[in-house]
Amino acid sequence: AYDSAGQVVATATSPTIRIGNSLVINEIGWRGTSATDTREWIELYNNGPRELSLNDFAIRDGDGNTVVQLSGTISVRSYYLIERGDDTVVSDVSANLISDFSKSADEDAIFDAEFYLELTRQTGDGEKVFDRTPSNFNPRVYCKNDEECLSLYQSAERYFPENLGDDLRNWDIGDDGWSNGLNSEELKIHGTPGQRNGHNRVFQV
């Protein structure tokens with residue numbers, strides 16, 4: 001159901017919003033880039049039927065701390081790219097939001113070993129969870145070669161935005177056959193910021 005502002009709302013049968021079919025965390029540049037490993041990025045995707053205002057949304061970590069306070073809007077079937085620090089993290093794709101990810105510049109905001117992120121919205125009935133990653137999420141489990149995986153700074157990609165984000169089977173390390181974007185040193189980003197995920201393309205009919 002939607003409210004007068006076009007936002008997804010809880011219903012009597014679904015008091016908390018657990019969706020894999022509207023606004024989701026779609027891709028995570030958890031390793032940063034080869035230019036700077038603390039320059040992480042996060043991509044959201046609006047899989048719903050309406051443009052959404054993001055002014056009441058936040059991305060939080062496992063301790064409930066705000067990583068990013070969102071703002072602006074996201075169009076239908078569109079991506080929303082959040083870059084850490086400035087708009088050169090993905091130098092040839094414009095960020096929708098610049099954030100410090102609530103950390104100093106020399107600190108990892110998304111830990112390389114494991115992390116947890118959730119997408120929340122503040123409503124009149126309190127804060128609702130829209131989407132979440134798996135608990136203690138470690139994208140390295142998908143790497144065939146751990147050292148190579150880390151050195152390539154591959155993103156964590158979601159297979160299907162309509163499927164739940166806390167399902168480990170719905171994630172993988174970035175498909176290097178598909179990539180988009182350059183880092184601040186104009187080197188290839190091993191992910192697809194601002195575009196359809198490589199693993200999702202494999203299932204395109």
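The protein chain has a mean pLDDT of 88, and 88% of its residues reach 70 or more. These values belong to a predicted model. One stretch needs caution: over residues 10-20 the pLDDT is below 50. Beyond near neighbours in sequence, residues 10-20 still have 25 contacts in the model.

Start with the interior. In soluble globular proteins, nonpolar side chains tend to be buried together. Here the largest nonpolar core holds 32 residues. Ile59, Leu70 and Ile82 touch the most other members. Several elements each give two or more residues to this core. They are the strands β1 (23-29), β2 (41-46), β4 (57-61), β5 (66-69), β7 (79-84), β9 (117-123) and β12 (171-173), together with helix α1 (146-152). The largest share comes from β1, with 3 residues.

Now pick out Leu70. Set aside its neighbours within four places in sequence. Leu70 is then in contact with Leu44, Leu54, Asn55, Phe57, Ala58, Ile59, Tyr80, Ile82, Leu97 and Leu119. Ile59 and Ile82 are among these partners. Elsewhere there is a second, separate core of 6 residues. Val89, Val90, Val93 and Ile189 are included in this second core.

Turn next to the strands. Four of them form an open sheet in the order β5-β4-β9-β10, with antiparallel pairing. The edge strands are β5 and β10 (126-132), and each pairs on one side only. From one strand to the next, the twist averages 30°. Look at the end of the sheet where β9 meets β10. These two strands run antiparallel and are joined by 6 bridges. Within this pair, Arg121 stands opposite Lys128 in β10.

Stay in β9 for one more residue, Thr120. Is Thr120 buried or exposed? Its relative accessibility is 1%, so Thr120 counts as buried, because buried means under 20%. The Thr120 side chain also has a polar partner: a polar contact of 3.3 Å joins it to the side chain of Glu127.

Which residues is Thr120 in contact with, leaving aside its neighbours within four places in sequence? One group is Asp56, Phe57, Ala58 and Arg60. The other is Glu127, Lys128, Val129 and Phe130. Phe57 and Ala58 also appear among the contacts of Leu70.

Key
Residues numbered from 1 in each chain as written. Predicted model: local features only at pLDDT ≥ 70, side-chain atom pairs only at ≥ 80, totals over all residues. Heavy atoms only, no water. Core = buried A, V, L, I, M, F, W, Y, C linked by side-chain atoms within 4.5 Å. Buried < 20%, exposed > 50% of the residue type's maximum accessible area, 1.4 Å probe, protein only. Helix = DSSP H or I, 4+ residues; strand = E, 2+ residues; numbered from the N terminus. Contact = heavy atoms within 4.5 Å. Polar contact = N/O pair within 3.5 Å; in protein donor to acceptor, adjacent residues only side chain to side chain. Pairing = 2+ DSSP bridges. Axes fitted to C-alpha atoms, helices over the stretch in contact; angles between N-to-C directions. pLDDT = per-residue confidence, 0-100.
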